[in-house]
Amino acid sequence: MQIDNRSGFPHAWFEKTGPGGVVYDVLVLRGTFALSGNYQPLQRAEVQAPIVYADEYDGHPEANPLQSVLRREGDLLLFKAASDVYVTGSARSTGGAALTGWLAGIRVGTRRKLLQLHGPRRFVRQGQQWHLSSAEPVNQVPLDYRYAFGGCYSVMASQQSEVERVYNPENPAGCGWLPAEADLQAVSPEAQEQIRQWLEGVSELPAPQIEDAEAPITSPHDVLPPQGFAPLARWSQARLRYAGTYDEHWQRERYPLLPDDFDERFYQAAPPDLIQPGYLSGDEFISLLGMLPEGLTHFRLPGVLALASLTSTSGHCRQGPLVLDTVAIDLDARQVSLIWRGTFERGEPWRRLAIGTLDVPLVQEDVHGA
């Protein structure tokens, strides 16, 4: 097929099989924009980042995926039913001042999320009670789920056995969590005994540096969800609950197709409270608090409309806009990536694909003081 991409953005054209076994052709366009403020629309970056062909992780995903975190989401997804917005990199204090903690937040349109960030701190046990130490002053905190509430503990019960793990299902990569007796039932009696012995002796452990500003963590035994602005790995509980049931019936009746109860919400990588219902228009205002050294920062998405035109071998033509389903803000690179996607059920072969963009005039709005 002939592809004529005049958008100025890298693209990928690939095949995906949907939940019902239907084959789709998918078009993805990735635009890179410089992160700036002053309520201005984002401008295209001089160098456009390439398509991301697979999820990229920090940690050791091959040896222990449970304690790895998603650094960059891959672009080759079938579909997203809503727009993801997420933030990666390190949040920086205003003016680069060393602080023990500060508030960080994001606003997209009318949706807001606010979290409390801390410098390094520890849980310290005194008798049977746990107390939080004072936080060390810092000028940046990684927005990484390894710094949020959670944890994973591994033991080798015998030389012949495999590694057994007890972990917080909401965030096994995190810190500050200790398993309760009920959590130990997931491993063998030998592993349980090892973990109990360790629990009796532990007197300190790192405490989370990212938490809900209105529901602070007070103990390693709290039952609280992890907090963050970053994308979630596919095995996180928030996504895994939509993955479906992979049992003997699935293996016998459905494999290699997705299970009958697969839910397309599995494809959403943003924290649930940063998933925008429907799709963003591409001209929304976004505000960042406590994330950049210049302080509260407001910018506007660029108002770019991505368009595609498909012509089949018989001359049938389909054309229209792609949907903006991902806004990825990278604080370290000071860039914002926009991902547009089109998913087309395969019929007769396509002969030509044309890709372009249209800069839509932005309506001026008074958002100062919002």
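Colleague: Is Glu56 buried, exposed or in between?
Modeller: Glu56 is partly exposed, at 24% relative accessibility. The cut-offs: buried is under 20% relative accessible area, exposed is over 50%, and partly exposed is in between, with a 1.4 Å probe and protein chains only.

Colleague: What sort of model is this?
Modeller: It is a predicted model: local features need pLDDT of at least 70, side-chain atom pairs count only at pLDDT 80 or more, and totals for chains, interfaces and linings use all residues. Residues are numbered from 1 along each chain as its sequence is written, and side-chain values use heavy atoms, with hydrogens and water left out.

Colleague: Back to Glu56. Which side chain does it meet in a salt bridge?
Modeller: Arg71, at 3.4 Å from N to O. A salt bridge here is a side-chain nitrogen of Lys or Arg within 4 Å of a carboxyl oxygen of Asp or Glu. The pair links distant parts of the chain, 15 residues apart. Arg71 sits in strand E6 (residues 69–72), and Glu56 in strand E5 (residues 56–58). Strands (E, at least two residues) and helices (H or I, at least four) are DSSP runs, numbered from the N terminus.

Colleague: And Arg71, buried or exposed?
Modeller: In between. Arg71 is partly exposed at 35%.

Colleague: Which residues are linked with those two in a network?
Modeller: Asp58 and Arg72. Together with Glu56 and Arg71, they form a network of salt bridges.

Colleague: How many salt bridges does the structure hold?
Modeller: The count is 23. One of them joins Arg6 and Asp4, at 2.9 Å from N to O. Arg6 is exposed, at 67%, while Asp4 is buried, at 17%. Asp260 also pairs with Arg254, their closest N and O atoms being 3.2 Å apart. There, Asp260 is exposed at 58%, and Arg254 is buried at 18%.

Colleague: Different topic. How many disulfides turn up?
Modeller: Zero, in a search of the whole structure. A disulfide needs a pair of cysteine sulfur atoms within 2.5 Å. For Cys152, the nearest cysteine sulfur belongs to Cys175, 13 Å away.

Colleague: Are those two cysteines buried or exposed?
Modeller: Cys152 is buried at 10%. Cys175 is buried too, at 14%.

Colleague: What about the core? How many residues are in the largest nonpolar one?
Modeller: It has 48 residues. Those with the most contacts inside it are Ile106, Met291, Val327, Ile329 and Trp340. A nonpolar core means a set of buried Ala, Val, Leu, Ile, Met, Phe, Trp, Tyr and Cys residues joined through side-chain atoms within 4.5 Å. There is also a second, separate core of 17 residues, including Val155, Trp177, Val187 and Leu199.

Colleague: What does Trp340 touch?
Modeller: Leaving out residues up to four places away in sequence, the list includes Phe9, Leu27, Leu29, Val304, Ala306 and Leu322. Contact means heavy atoms within 4.5 Å.

Colleague: Where does Leu322 lie?
Modeller: In the loop between strand E24 (317–321) and strand E25 (323–330). Leu322 is buried, at 7%. Besides Trp340, its contacts beyond four places in sequence include Leu27, Ala308 and Arg341. Leu322 and Leu27 are 295 residues apart in sequence, yet their C-alphas are 8.5 Å apart in space.

Colleague: Which residues make a nonpolar patch on the surface?
Modeller: Leu103, Leu114, Leu289 and Leu296, covering about 330 Å². Patch residues have over 30% relative accessible area and no salt bridge; nonpolar side chains (Val, Leu, Ile, Met, Phe, Trp, Tyr) are joined within 5 Å, like charges within 9 Å. Areas come from the Shrake-Rupley method with a 1.4 Å probe; for residues, only the protein chains shown count as cover. Leu114 is in strand E10 (residues 111–118). It is partly exposed, at 39%.

Colleague: Now backbone oddities. Which residues does a cis peptide bond join?
Modeller: Tyr255 and Pro256, with omega about 10°. Pro256 is in the loop between helix H3 (248–253) and strand E20 (275–276). Most peptide bonds are trans, and most residues other than glycine have a negative phi.

Colleague: So what is the phi of Asn38?
Modeller: Positive, about 60°, although Asn38 is not a glycine. Asn38 is in the loop between strand E3 (23–34) and strand E4 (43–44), and is exposed at 66%. Tyr39, in the loop between E3 and E4, also has a positive phi, near 65°.
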